[in-house]
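Open the model in your viewer and keep the selection panel at hand. The stops below go from one selection to the next.

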Amino acid sequence: MAEEGNSIESVEKDLTEKQKKFCEGYIFDFNATRAYQAAYPDSAYDSARAAASALLTNRNILAHIEHLKTKTAELAGVSLFRV
């Protein structure tokens, strides 16, 4: 996901606040369009769908999403093995 040698802190530093909000919204229900519209409220549905799809190809976005999923699972005490 993130370039080797890059810490999550450096990945997060490269993201805008809106991109971070998109990531947080995405891990809530894994609906990229809704997450995009929450982060960018003035976007039309079709634009949000296309832009969300593009964001999900960004290595830093994907790394941050994985970090958030791991952190959330740790906080909840849930693992894929338990599910």
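Begin with the aromatic rings: the structure holds 4 aromatic pairs. The model is a predicted one, so every distance and angle on this tour is computed from predicted coordinates.

**Stop 1: Phe22 and Tyr26**

Select Phe22 and Tyr26 and show their side chains. The ring centres are 6.1 Å apart and the planes make an angle of 20 degrees, so this pair is stacked; planes under 30 degrees apart count as such. Both residues belong to helix α2, where 4 residues, about one turn of the helix, separate them. Phe22 and Tyr26 are both buried.

**Stop 2: Phe22 and Tyr36**

Keep Phe22 and add Tyr36. Here the ring centres of Phe22 and Tyr36 lie 6.4 Å apart with the planes at 70 degrees, so the pair is edge-to-face. Since Phe22 sits in helix α2 and Tyr36 in helix α3, the pair ties together parts that are 14 residues apart in sequence. How buried is each partner, by relative accessible area? Phe22 has a relative accessible area of 0%, and Tyr36 has one of 14%; both values fall under the 20% limit, so both residues count as buried.

**Stop 3: the aromatic cluster**

Extend the selection to Phe30 and Tyr40. Together with Phe22, Tyr26 and Tyr36, these two residues form one aromatic cluster.

Now centre on Phe30, which is located in the loop between α2 and α3. Colour by accessibility if the viewer allows it: Phe30 has a relative accessibility of 46% and therefore counts as partly exposed. Its backbone deserves a look as well, with a positive phi of about 55 degrees although Phe30 is not a glycine.

**Stop 4: Thr33 in α3**

Move on to Thr33, which is in helix α3. Thr33 is buried, its relative accessible area being 10%. Which residues touch it, once neighbours within four places in sequence are left aside? The contacts of Thr33 are Tyr45, Ala48, Arg49 and Ala52. To check the spacing of the backbone, draw a distance from the C-alpha of Thr33 to that of Ala51: the two atoms are separated by 8.2 Å, with the residues 18 apart along the chain.

**Stop 5: helix α4**

Two of the contacts just listed, Ala48 and Ala52, return here: along with Leu55, they are the buried residues of α4. Turn the view to look down the axis of α4; the buried residues fall within an arc of 60 degrees, so they line one face of the helix. Show the surrounding helices next. The cover over these buried residues includes α2, α3 (32-39) and α5.

**Stop 6: helix α5**

Select residues 59-76, which make up α5. The helix has 18 residues and runs 26 Å from its first C-alpha to its last, close to the 26 Å expected at 1.5 Å a residue.

Look at both ends in turn. At the start of α5, a side-chain oxygen of Asn58 comes to within 2.8 Å of the backbone nitrogen of Asn60. After α5 comes Gly77, with a positive phi near 70 degrees.

Next, pick out the buried residues of α5: Ile61, Ala63, His64, Ile65 and Leu68. What do they pack against? The helices in question are α1 (8-13), α2 (17-29) and α4 (45-55).

**Stop 7: His64**

Within α5, zoom in on His64. Its relative accessible area is 4%, so His64 is buried. With neighbours within four places in sequence left aside, His64 is in contact with Ile8, Val11, Glu12, Leu15, Lys20 and Cys23.

**Stop 8: the whole chain**

Clear the selection and zoom out. The protein chain has 5 helices and 0 strands, and along the sequence it follows the pattern α-α-α-α-α. Of its 83 residues, 27% count as buried. Take the contacts between residues at least 6 apart in sequence: 56% of them join residues at least 24 apart. Finally, switch on the surface. The protein chain exposes about 5800 Å², and carbon and sulfur atoms supply 53% of that area.

Definitions and conventions:
Residues numbered from 1 in each chain as written. Predicted model: local features only at pLDDT ≥ 70, side-chain atom pairs only at ≥ 80, totals over all residues. Heavy atoms only, no water. Buried < 20%, exposed > 50% of the residue type's maximum accessible area, 1.4 Å probe, protein only. Contact = heavy atoms within 4.5 Å. Expected span 1.5 Å × (residues − 1). Polar contact = N/O pair within 3.5 Å; in protein donor to acceptor, adjacent residues only side chain to side chain. Arc of directions from axis to C-beta. Phe/Tyr/Trp six-rings, centres within 6.5 Å; stacked < 30°, edge-to-face > 60°. Areas by Shrake-Rupley, 256 points an atom, 1.4 Å probe, with all protein chains shown as cover.
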